[in-house]
Amino acid sequence: MSDARVPPDGPVGAQPEKVPVCARHSDRPTRLRCTRCERPACPQCLRDASVGQQCVDCMNEGARTVRRARTSAGAVASDGRPVFTYVMIALNVLAYVVTVVQSGSPMNNSRSGLFQETSLIPELTANGEWWRIVTSGFMHFGLIHLALNMAALFVVGPVIEQELGRLRYGAVYFLSLLGGSAAAFYFGTVCQQLAGASGAVFGLMGALLIVFKRQKRDISTIVVIVGINLVSNLFTNASLLGHLGGFVIGGLLTLAMVRAPRQNRNLYQGVAVAAAVVLLGGMFLLRASELDTSVEVIMEIARTCR
């Protein structure tokens, strides 16, 4: 008998098996394949799928072709960071820090030059200083005022930003801020100096009320919180008109966004935003035309209101 052994590489003259290489990395031999396109793929290029593993290219192609879920307002449903909310909080805090540095006091920061130049003073606003209707929304009377508004924004903002998407959320935020300024400017007295993000925050509360109602969630807690805050305005120096204006604009604008029909949704939402801009702009212009903005009158009002 012969005890000749077969070479470890197979019979003499046999060709070694050729191992395929990864379709995306030609220097990586692999026996794995994508379950969708069946191309060779190394472990780094494979991703877990509902059935087997798919290569990166197939996963990206699937993400482009699959329709992503959308919210009632038309925003793409996601768990992304509420970037707009965080930016607004940062800007408010930064503005407060500047006023504290200028005034040298965390509680009496309204004495700072920046505060005096940017807060909402009706006569000065009507006299051409229109930037005050926006900049006043970033000024706050002391640390407590800032902390309360930013805490509310931190809690409510992310919920609305996720439901509306950043662009719609930004429109609701700034138009609510303008709604608060417009209500105080149109219905209020000249002896007032208004500041704070309360108009925008109350607008987001109105938006949250609409969103929760749309989702058939319990709204009793929101109603109680808003009610307590509005009633407390009667016993503090807070602007009830500003809070109500922001709440109404934020709620109505959000209602228009979530109730817009899917077909031509963007058009309907754009019309709603434009209508709010026209309404608020009309309130500012009409009230400004009623105010005597001569220098003598402004100085007399300033002395009377002190």
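A disulfide here is a pair of cysteine sulfur atoms within 2.5 Å. Keep that cut-off handy; the model is a predicted one.

Q: Why is there no disulfide between Cys45 and Cys42?
A: The cysteine sulfur closest to that of Cys45 sits in Cys42, at 3.6 Å. A disulfide needs the pair within 2.5 Å, so this one is too far for a bond.

Q: What about Cys58: which cysteine sulfur is closest, and why is the pair not bonded?
A: That would be the sulfur of Cys55, 3.6 Å from the one in Cys58. Set against the 2.5 Å limit, the pair is too far for a bond, so no disulfide here either.

Q: How many disulfides turn up if you search the whole structure?
A: Zero.

Q: Why is Cys45 called buried?
A: Buried means under 20% relative accessible area. Cys45 comes in at 1%, so it counts as buried.

Q: And what makes Cys58 buried?
A: Its relative accessible area is 10%. The cut-off is under 20%, so Cys58 makes the list as well.

Q: How much of the protein chain counts as buried?
A: Of its 306 residues, 42% do. As for the surface, the accessible area of the chain is about 17800 Å², with 61% of that belonging to carbon and sulfur atoms.

Q: What elements make up the chain, and where do the strands come?
A: You get twelve helices and two strands. Reading from the N terminus, the order opens β-β and then runs on in helices.

Q: What share of the contacts between residues at least 6 apart in sequence join residues at least 24 apart?
A: 63% of them.

Note on methods. Residues numbered from 1 in each chain as written. Predicted model: local features only at pLDDT ≥ 70, side-chain atom pairs only at ≥ 80, totals over all residues. Heavy atoms only, no water. Buried < 20%, exposed > 50% of the residue type's maximum accessible area, 1.4 Å probe, protein only. Helix = DSSP H or I, 4+ residues; strand = E, 2+ residues; numbered from the N terminus. Contact = heavy atoms within 4.5 Å. Areas by Shrake-Rupley, 256 points an atom, 1.4 Å probe, with all protein chains shown as cover.
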